[in-house]
Structure formats: C-alpha cells, structure tokens
Amino acid sequence: MTTHAEPATEPPVSAAEDNDDETTTDPGWFHKAVVYQIYPRSFADSDGDGIGDLPGIISKLDYLQKLGVDVVWLSPIYTSPQDDNGYDISNYRDVDPIFGSLADLQQLTDGLHARGMKLVMDLVVNHTSDEHPWFIESRSSKDNPKRDWYWWRPPRQSPVGGGGAEPNNWGSAFSGPAWEFDQATGEYYLHLFSRKQPDLNWENPEVRAAVYDMMNWWLDRGVDGFRMDVINFISKDTSLPDGPKAEGMLFGDGSPHFMSGPRIHEFLHEMHLEVFAGRDKPLLTVGEMPGVTVEDAVLFTDPARREVDMVFQFEHVALDQEDGNKWRPRKLRLTDLKQSLGRWQEALAGRGWNSLYWGNHDQARAVSRFGDDGQYRELSAKMLAGVLHLHRGTPYVYQGEELGMTNMSFGAISDYRDIEVLNHHREATTHLGHTDAEVLAALAPLNRDNARTPVQWDATRHGGFTTGAPWIAVNPNTSHINAAEQEDNPDSVFSFYRQVIALRHAEPVVAEGDFSMLLPDDEHVYAFRRSLPGSAAGAAAGVAAAPGVQLLVLGNFSGEDRTVELDGGGWGDAEAGADEPELGHYPAELILGNYPSDGAGTHAEITLRPWELKVFRRQHNN
Ligand code: TEU
C-alpha cells in the first residue's frame with residue numbers, strides 16, 4: 001500500500017461553533033505519559049493453549065508498573081475469527097474466549113487503575129469481520145436495511161484488455177483485489193484488507209451512530225481511550241475511482257481515494273462530540289493514519305479542533321523501503337530519518353502533538369531495524385530509547401522493545417502466521433514469477449511476524465510465555481534476552497527504559513520544551529536540543545520563576561567512534577544572542593548515557609563511542 005495522500009479538506013464544523021465544555025482535567029496530561037502496547041496473542045499465556053490472554057496480562061501488571069508506563073494500549077481482544085489476528089471483529093462488545101471474558105477485562109482495567117495506569121482499547125471500525133451480524137444481514141439481500149452499511153457495487157464490464165469485473169482496480173493491502181464477489185446478490189463488496197474484513201460505509205449515519213454507541217459503552221465501562229485503526233480510511237471518495245497502476249503491479253493503488261478522504265475531519269469531529277466531549281476524566285485518542293501528511297496531522301491534532309489527540313504517521317517507517325514497498329527493503333539513511341522526524345517536530349510544535357514510536361505489531365523490531373541486533377544490541381537499544389523518548393511527543397513502547405527483543409529468523413513460509421505475509425508469498429510465487437527463496441529473502445527484514453513472536457520472560461524453551469505449544473515460535477535468543485535477566489539488573493535495557501521514562505515524568509523540558517535538530521547532514525550522529533524557558537519551567541513546577549532548562553541529546557547510529565563539531569557546544573547560545581559563547585558559562589551535566597561516563601562535558605568537539613547516547617542538561621537564566 002503506497003503511503004501518500006492528498007491533504008484532506010477543512011472541516012465544515014469550526015471549533016468555535018461547538019461549545020462543548022472540554023474535560024475538567026489537564027487536557028495535555030498525555031504530554032508526560034508513556035504508552036505501552038500489548039499484542040495480547042503474544043504477551044503472556046495463562047492457560048497453556050499457546051495463545052496469550054487477559055489473565056496472562058494481569059499476571060504482569062507489576063512488571064508494567066515497575067517499567068513506569070502510564071497507559072496500556074491493548075491490541076484487539078474482541079470476538080473474532082482471527083483472520084487478521086483480531087483486527088477482524090465479529091462482536092465489538094465481548095471478549096473472544098481465546099483471550100478470556102469481559103470479567104477478565106474488567107479485572108485488568110481495575111488492576112491498571114489501581115496501579116495508576118490507564119487502559120486504551122484498539123478501535124477497528126473502518127471494517128468489521130465478515131462474520132459480524134451487521135455484515136451477515138447486509139449481504140443477505142440487496143434490500144436488507146443494512147445493505148448500505150458496507151460498500152456494495154455491481155460488476156462493471158471487464159475493461160478492455162481483460163481483468164476482472166471488479167468495480168475498480170484497487171488492490172488489497174493483503175494482496176489480491178480489494179473486492180470480493182458475492183454470489184447470493186451478484187455484487188462485489190469492498191475490503192481494503194482481507195476478504196474477511198469488509199469496509200464499513202461511514203457515509204451512512206446509522207453506521208456512525210452504531211460505532212459511537214459502542215465507543216460510549218466501552219468508556220462507560222472504565223476504558224480510558226482508543227487507538228483508532230486506519231481511522232483516516234473511513235472517509236472515501238464515494239465515486240470509488242480507479243487508482244494509478246504502477247508498472248508490474250497486478251492492481252491499482254486506491255490510496256489517493258481512501259486515505260484522509262473529503263469528510264474525515266467532519267467524521268472525527270462528530271465522533272469527538274458524540275463520544276469524548278464532556279467526559280470528566282483524562283482520555284487518550286490516537287488515530288493510526290497510514291499516508292497522513294504532516295499538514296493534515298496539524299489539523300487532526302490541534303486541540304482546538306477536537307478531533308484526535310495525536311496520530312501514528314508512517315513516514316519514518318517507510319524510509320528503508322523502495323517506493324514504500326516493504327518487500328523491497330533498502331538501507332536507511334540517518335539524514336532521511338532526521339529530516340522526516342525533524343519536519344514532524346517543527347510542524348506540530350505549539351499547534352498539535354506527535355506520537356513517537358520505533359515499532360509496533362506491524363513493524364519490525366526496533367533494535368534490528370534502526371540499531372544493531374548483534375554485537376551492540378544492548379547499547380543500540382538504549383540509544384534508540386533515549387533518542388526517541390526525548391523528542392517532543394508521546395512515546396510508545398511496543399512489548400519486548402524494553403528488553404531489546406530482536407527480529408526472528410523464519411526458516412520457511414510455514415513458520416509464518418501473518419496473513420499479509422502468507423498472501424504476498426502466494427501471490428509473488430504464483431502470479432509474479434518469484435521463487436520461494438527470493439520471496440523469503442524479501443520478507444525477512446520487515447515482515448510483521450518479526451514483532452509478533454512471544455514476549456521473552458525467561459530462558460526456558462518457550463521463554464516463559466506458555467506451558468503449551470506457542471501459536472508462533474518463540475525466538476531462540478530468549479536464552480539470553482529475557483525479562484528475568486533484566487528486571488533487577490541495573491545495566492539492562494529494561495532498567496534503561498525505566499530511567500528514560502522516569503526522566504519524562506521528572507523533567508518538564510522533556511514534555512514541553514521546544515525542539516531544535518542539530519547536525520542535519522551528519523550520516524552517523526543524531527543530535528538535538530530541547531529548551532524550556534524559565535517562565536515555562538516555573539509554570540510547570542508551579543512556582544513564580546525557575547531557571548530555564550536545556551537538554552542536549554546525542555546518539556551515535558553507528559558502530560564506530562564519531563567526533564562531531566557543535567557550535568557553542570550545541571547549546572545555541574550564539575543564536576540566543578549571547579556574547580561570545582563561553583562553553584563553561586552554564587556548566588552542563590551528563591544526566592543519561594549508555595556507557596560509563598567518560599567525564600567529558602559539552603565542548604565544541606564531542607566524540608561518541610559506538611552506538612553511544614549522551615544526554616546533557618544545563619540550566620540558564622532566561
Ligand atoms: O494496520 C494498518 C496498515 O496500514 C497496515 O496494513 C500496515 O501498513 C502494514 O501492516 C505494514 O506492512 C492496521 C493494523 O495495525 C494492522 O495490524 C491490521 O492488519 C490492519 O490495520 C487492518 O486492520
């Protein structure tokens with residue numbers, strides 16, 4: 001799926017027109033929060049069926065509290081045929097028995113709240129399962145009252161030159177066409193993902209009302225917000241036109257016609273008014289938005305517009321692929337990464353809010369993708385944590401990232417479980433002329449199962465994940481990469497994540513300071529500065545005045561020593577109009593690093609060891 005999109009239009013509803021009173025709590029509470037994503041199927045199995053479950057998560061609540069995270073995002077646990085591991089929901093108001101029960105979920109919610117943590121559920125409402133009663137009714141006849149709850153179209157005359165009679169040329173994200181023919185009514189239905197995930201028709205106000213009613217039902221049960229799955233796909237060009245078809249591709253790219261479509265801001269604002277406005281507790285909403293532009297993200301996350309708090313954007317996780325094609329991986333250039341993340345920092349500063357992530361259940365493991373999962377695994381995992389978490393935004397830790405878990409080596413296609421992988425392998429070997437070996441090699445770096453191997457709790461065969469046969473193999477390196485070896489080890493990746501999370505809680509400059517990218521052209525060192533003026537530092541501390549605070553963050557993204565030149569030691573004194581910058585004028589202290597301190601302070605020239613992170617802090621008088 002190509003990740004480009006035209007900027008969506010302005011909403012018809014201006015924030016000024018709606019006068020709902022916002023929640024009484026601090027609307028920016030999530031600036032200081034860190035979110036932990038759990039993919040329940042792979043987190044912890046309590047009953048030995050080889051699949052993670054809610055009681056398994058409940059058994060790890062103290063672990064999460066020790067880590068210091070504030071919010072847990074749960075990937076879907078609803079009733080589902082599991083065609084896409086739960087992102088195909090057949091009952092939004094119940095828990096699938098493989099994960100447990102509503103009572104288990106209530107116990108988990110209460111357990112999180114008792115520890116001062118919040119629960120965010122995954123909201124998958126661009127599509128349902130084809131086994132959802134809504135779709136079963138919709139497909140039963142052309143005049144069923146729910147027919148228009150989904151996208152149904154009659155066959156079109158086969159275009160000149162062959163091809164099917166699908167209503168347009170769009171391809172599915174999981175290979176094949178985005179349309180499935182339904183014999184019973186002689187029409188096609190749209191599915192941007194698997195044929196068992198029919199797209200809901202959000203143009204229908206009955207669909208929207210039913211979704212909002214379900215969301216309110218969850219909030220009334222104590223849930224604290226939602227991660228909204230491909231939520232920018234819910235508004236589509238209703239004419240469903242063909243998309244551009246690249247040379248060699250079997251299908252067209254429909255994304256210009258379904259990413260951030262013409263009514264997306266209207267729908268999200270309506271959702272805010274119908275579900276979130278007036279709630280008297282802090283809530284978190286994050287919209288997963290493939291293809292979202294930074295210009296659109298400013299509109300989506302501007303608090304005054306009351307749409308979502310933040311978005312998951314995909315630019316930085318498309319830089320290591322040719323033309324955004326994850327099966328054509330290429331070496332990441334650090335300058336591209338800095339340019340992308342720096343642009344998002346600058347564009348949303350003071351107007352919207354960023355999410356910050358290296359990985360999730362759809363992306364390869366961070367240390368394998370952005371770091372070094374060999375000789376420098378621990379050092380690079382820590383460096384990645386420090387660089388990401390000290391940006392301006394809300395950081396997301398994907399399960400196992402805090403342990404430095406790595407990608408998995410899958411030997412054969414039979415070792416994979418992900419529908420995206422299995423469908424691509426079949427299409428590539430049967431329709432595109434590739435060999436099994438070629439496809440396996442292309443799949444290895446960025447496939448989603450890399451992140452879906454079970455969390456490694458200890459060094460036993462199945463990593464303490466299950467006493468049964470795991471649904472997907474546990475990475476054999478659980479022998480030395482596991483929670484048991486790290487929880488109480490002060491030098492572990494886990495302990496380092498605790499430190500960097502604690503820094504966000506303790507230092508207002510992390511949550512609120514402005515961001516300046518440094519060394520934009522350096523291919524090996526990621527450097528930036530965070531600054532919080534005294535007035536803001538005082539406000540954050542609740543005192544009349546406080547010294548200003550700055551952080552200088554330096555990360556070496558390479559396995560060699562790197563020496564860099566920083567004007568004024570990187571503190572920006574010259575830009576601030578100070579006299580000839582005296583580097584020692586405001587002494588800086590090293591507050592975080594992944595090596596034993598070498599005692600060096602900030603100077604015009606700084607040398608970083610392989611994968612070294614250095615975070616300096618200094619106070620100043622303005
Ligand atoms: O993912 C949306 C999405 O765009 C993914 O297809 C992603 O681009 C791809 O997996 C990267 O290769 C969401 C969920 O996170 C994903 O797990 C679901 O499969 C998908 O939506 C359909 O619900």
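**Exercises: a helix pair and a ligand site**

In this predicted model, helix 12 (residues 419-430) and helix 13 (residues 436-443) pack with their axes 10 Å apart, at an angle of about 145 degrees.

**Exercise 1.** Work out which handedness the crossing of helix 12 and helix 13 has, and which residues make the contact.

*Solution.*
- Step 1: The crossing of helix 12 and helix 13 is right-handed.
- Step 2: Helix 12 brings Val421, His424, His425, Ala428 and Thr429 to the contact, while helix 13 brings Asp436, Val439 and Leu443.
- Step 3: Now sort these residues by character: four are nonpolar, three polar and one charged.

**Exercise 2.** Describe the surroundings of the ligand: which residues are closest, and how does the shell divide into nonpolar, polar and charged?

*Solution.*
- Step 1: The ligand is surrounded by 18 residues, and the closest are Asp84, Asp229, Lys326, Asp362 and Arg448.
- Step 2: By character, the shell divides into nine charged, six nonpolar and three polar residues.

**Exercise 3.** Find how far oxygen atoms of the ligand lie from polar side-chain atoms of aspartate 362, aspartate 229 and histidine 361. Then say how much of the ligand the protein covers.

*Solution.*
- Step 1: For aspartate 362, the distance is 2.4 Å.
- Step 2: For aspartate 229, an N or O atom of the side chain is 2.8 Å from a ligand oxygen.
- Step 3: For histidine 361, the corresponding value is 2.9 Å.
- Step 4: On its own, the ligand has 490 Å² of accessible area, and the protein covers 94% of that.

Notes
Residues are numbered from 1 along each chain as its sequence is written. This is a predicted model: local features need pLDDT of at least 70, side-chain atom pairs count only at pLDDT 80 or more; totals for chains, interfaces and linings use all residues. Side-chain values use heavy atoms; hydrogens and water are left out. Axes are lines fitted to C-alpha atoms, for helices over the stretch in contact, and angles run from 0 to 180 degrees between N-to-C directions. Helices (H or I, at least four residues) and strands (E, at least two) are DSSP runs, numbered from the N terminus. A crossing is left-handed if the near helix is turned anticlockwise from the far one by less than a right angle, and right-handed if clockwise. Contact means heavy atoms within 4.5 Å. Ala, Val, Leu, Ile, Met, Phe, Trp, Tyr, Cys and Pro count as nonpolar, Asp, Glu, Lys and Arg as charged, and the others, Gly among them, as polar. A residue is near a molecule or strand if one of its heavy atoms lies within 4 Å of it. A polar contact is a pair of N or O atoms within 3.5 Å; within protein, one must be able to donate a hydrogen and the other to accept it, and residues adjacent in sequence count only if both atoms are side-chain atoms. Accessible areas come from the Shrake-Rupley method with a 1.4 Å probe; for residues, only the protein chains shown count as cover.
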